[in-house]
Amino acid sequence: MKLSNYFLPTLREAPADADNISVKLMFRAGMIRKLASGIYEWLPLGLRVLKKVENIVREELDKINGQEVWLPVIQPKELWMETGRWQIYGKELLRIQDRKDSEFCFAPTAEEVITNMVRRDVSSYRQLPILLYQFGEKFRDEIRPRFGVMRAREFYMKDAYSFHATEADSDVWYQKLYGAYESIFTRCGLKYKPVEADSGPIGGNQSHEFMVIADTGEAEIALCECGYAANTEKAETAEPPARTVDPSKFAPLKDVATPGMYTVEDVSRFLKLNKKQAIKTLFFLADGEPVMALVRGDHELNENKLRRVLSAAELEKAPQHIYEAVAGCPAGFAGPVDIKNKYVPGRDTKPLKTVIADYALKGVFNGFSGANKNDTHTVGINLGRDYTPDAFADIHAAAEGDLCPRCKKPFIFKRGIEVGQTFKLGTKYSKSLKCEFLDERQQSVPMVMGCYGIGVSRTVAAAIEQSNDEWGIIWPASIAPFEFSLVSIETEASGILSQSQAVYDQLHASGFSVLWDDRDERPGVKFKDADLIGLPFRIVVSAKTLKDGECEFKRRAEKTAFRWKLAELPVKLAELKTALGK
RNA sequence: CGGGGCGUGGCUCAAUGGUAGAGCGCUCGCUUGGGGUGCGAGAGACUCCGGGUUCAAUUCCCGGCGCCCCGACCA
């Protein structure tokens, strides 16, 4: 492709609202433009990368017998009513009406549609298992789109769904998909990590997220040298080693006036005590009944863990009036001491059902917490003497200092960009949508399902986020929009263009894609643009080297340039091809 | 959903109660030719929309729309 006639509007400056590295570079390199909040246009250069990633995904899924389909973006309400997700999905589901006022939504995902398709035409165990996938736009009406295409409202995604006769078969295929995902992200040249993830209340019993390691990632992951890796929202933590303190060292309980201070931050500063001494007291409604959860002041409670511990179907933060009724004071002044006697009868709630304390509280001596009295906190609180929870459990989000649940070594924390997720869905959708088959005994059984997504557009951004420098993007060769940048210096000088043309033809003959900068621009402009676009290999044709029958070869990721004899070009290219495993 | 900010040429931004200017980009000419060359000449803006105040509004006020940031929410 000749740059003189390629739609590649590069920019010196990124738009003011570009809020991270990858989106700035994507704008500057002429890959994308913004049409509206969270909605982007992909220009030719950007689309080439997207298609590169797409092809890698397609090849790897086809290897495990995936079959590509194309599903509608516009999906009827009725189908979404069957699973109940028309209501559950909330405002993220973008809804529209046609001219007859029939209601539809823009697909945020496609479990309903694919399951409907399979239930209609698959009816025997002989037809299972089956793995179907598609590439397509997804629309999620995010409250706050940001980071360019990383968290866009409309994005390009590969979604795959598998259907099985048995749980065991679903497990086998889950591993196949897991393996395919590893191949995909490896081939894309990404440093990534599969981590255990929470499948959330949506169901399913196992899930992994594939994280591209990047400091700017939105997700935090906990890693251990033993190999355990999990999203911090999911990561379990080992119970810390027991620590015993002589009860004679217990300080006496004392109430302290703390007017208007309801955050751990405020109170610990005021009392001049470490946040780790705080016993954070939170109330929840577990299936409608009030429960109290205690975590250490420097920890954050993880609602998913708490839900699991309580075996609750629904868990929500308790509204203010529950605090008033159960603890007799506003949130921020509730505490564990004598809590079960603070219930104010006659209010519109039941008494406290359970008190769950995080393991970490076993290590808190002479702690402080709310006094169950407005504007008052209690200091000198000790487990056993002053309060006794109904149970201890791991209910806080993994944090600095926590230990790996497998080997008890401290976690290492990193940030990541979630580019893919795999789920075992079980029969959640096949049951609600009655997607059944007849087994060998003529029994009608719901299929066991799995679903597997890859954010293709996000993967492109993640690759840039992970690989760039002050000059621009540095593409991995496998997903670069073109492999070679061919730069002609002084296009008006005699012989330059014809020699460049010869190199251009040779590159093509050797099987490489080339973007040839044949513009009548100054060298500086061309080099800046080439670095910005970040193609992995660059060849410069100029009078300087041509007089020796040579051109210049340089890798984007490296500083040094090499002289290549033009006559040896085919050999050099063949070597490069071998090195790339092409 | 709460708080804050912004809306002026393609991009980044100035300015002003009397209808606008710079840099970059674009066009033309010359110049230059290995890291965004220099000079000159141009094209390009109903100053987001609607209303109000005013002799006069891009500027002040109100409403709307759009965008951004922080937080909450959501998975």
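A crossing of two helices is called right-handed if the near helix is turned clockwise from the far one by less than a right angle, and left-handed if the turn is anticlockwise. Keep that in mind for the first view; everything shown here comes from a predicted model.

**View 1. Helices α12 and α15 cross in a right-handed way.** Here are α12, residues 496–509, and α15, residues 569–580. Their axes come within 10 Å and cross at roughly 40°. On the α12 side, look for Val503, Gln506 and Leu507; they meet Leu569, Pro570 and Leu573 of α15. Sort the residues of this contact by class and you get five nonpolar, one polar and no charged.

**View 2. The whole of chain A, for orientation.** Let's step back for a moment. Chain A holds 15 helices and 31 strands, and its C-alpha trace spans about 95 × 65 × 50 Å along the principal axes. Of its 582 residues, 42% are buried. Take the contacts with a sequence separation of 6 or more: 71% of them link residues 24 or more positions apart. The chain is divided into three pieces. Domain 1 is put together from residues 16–71, 111–236 and 414–464, while domain 2 covers 247–393 and domain 3 covers 482–580. Between the C-alpha centres of domain 1 and domain 2 there are 39 Å.

**View 3. Chain A meets RNA strand B.** How many residues surround RNA strand B? There are 41, and the closest are Pro15, Ser37, Gly524, Phe527 and Ser542. Helix α13 (523–533) and helix α14 (543–546) each bring at least two residues to this surface. The largest share comes from α13, with eight residues. What kinds of residues are these? The surface near the RNA is made of 18 charged, 16 nonpolar and seven polar residues.

**View 4. Helix α1 is mostly covered.** This helix runs over residues 21–28, and seven of its eight residues are buried. You can pick them out as Ile21, Ser22, Val23, Leu25, Met26, Phe27 and Arg28. What do they pack against? The partners are the strands β1 (32–36), β25 (468–469) and β26 (472–473), along with the helices α2 (44–63), α11 (456–466) and α13. Just after α1 comes glycine 30, with a positive phi of about 70°.

**View 5. Helix α9 tucks some of its residues under strands.** Spot α9 at residues 320–327; its buried residues are Ile322, Tyr323, Ala325, Val326 and Ala327. Among the elements covering them are β14 (279–286) and β15 (289–296). For α-helices there is a handy rule: with 3.6 residues a turn, residues three or four places apart point the same way. After α9 you reach glycine 328, which has a positive phi, near 75°.

**View 6. Lysine 138 sits in strand β7.** The strand covers residues 130–139. Is lysine 138 buried or exposed? Lysine 138 counts as buried because 20 other C-beta atoms lie within 10 Å, and the cut-off is 20 or more. Leaving aside residues up to four places away in sequence, lysine 138 touches Ala107, Pro108, Thr109, Phe155 and Met157. For a sense of distance, try alanine 398: it is 260 residues from lysine 138 in sequence, and the two C-alpha atoms are 31 Å apart in space.

Technical notes: Residues are numbered from 1 along each chain as its sequence is written. Chains are lettered from A and ligands numbered from 1 in the order in which they are written. This is a predicted model: local features need pLDDT of at least 70, side-chain atom pairs count only at pLDDT 80 or more; totals for chains, interfaces and linings use all residues. Helices (H or I, at least four residues) and strands (E, at least two) are DSSP runs, numbered from the N terminus. A residue is buried if 20 or more other C-beta atoms lie within 10 Å of its own, exposed if 12 or fewer, and partly exposed in between; C-beta atoms are placed from the backbone. Two residues are in contact if their C-beta atoms, placed from the backbone, lie within 7 Å. A residue is near a molecule or strand if its C-beta atom, placed from the backbone, lies within 6 Å of it. Ala, Val, Leu, Ile, Met, Phe, Trp, Tyr, Cys and Pro count as nonpolar, Asp, Glu, Lys and Arg as charged, and the others, Gly among them, as polar. Domain bounds come from an automatic or database domain assignment. Axes are lines fitted to C-alpha atoms, for helices over the stretch in contact, and angles run from 0 to 180 degrees between N-to-C directions.
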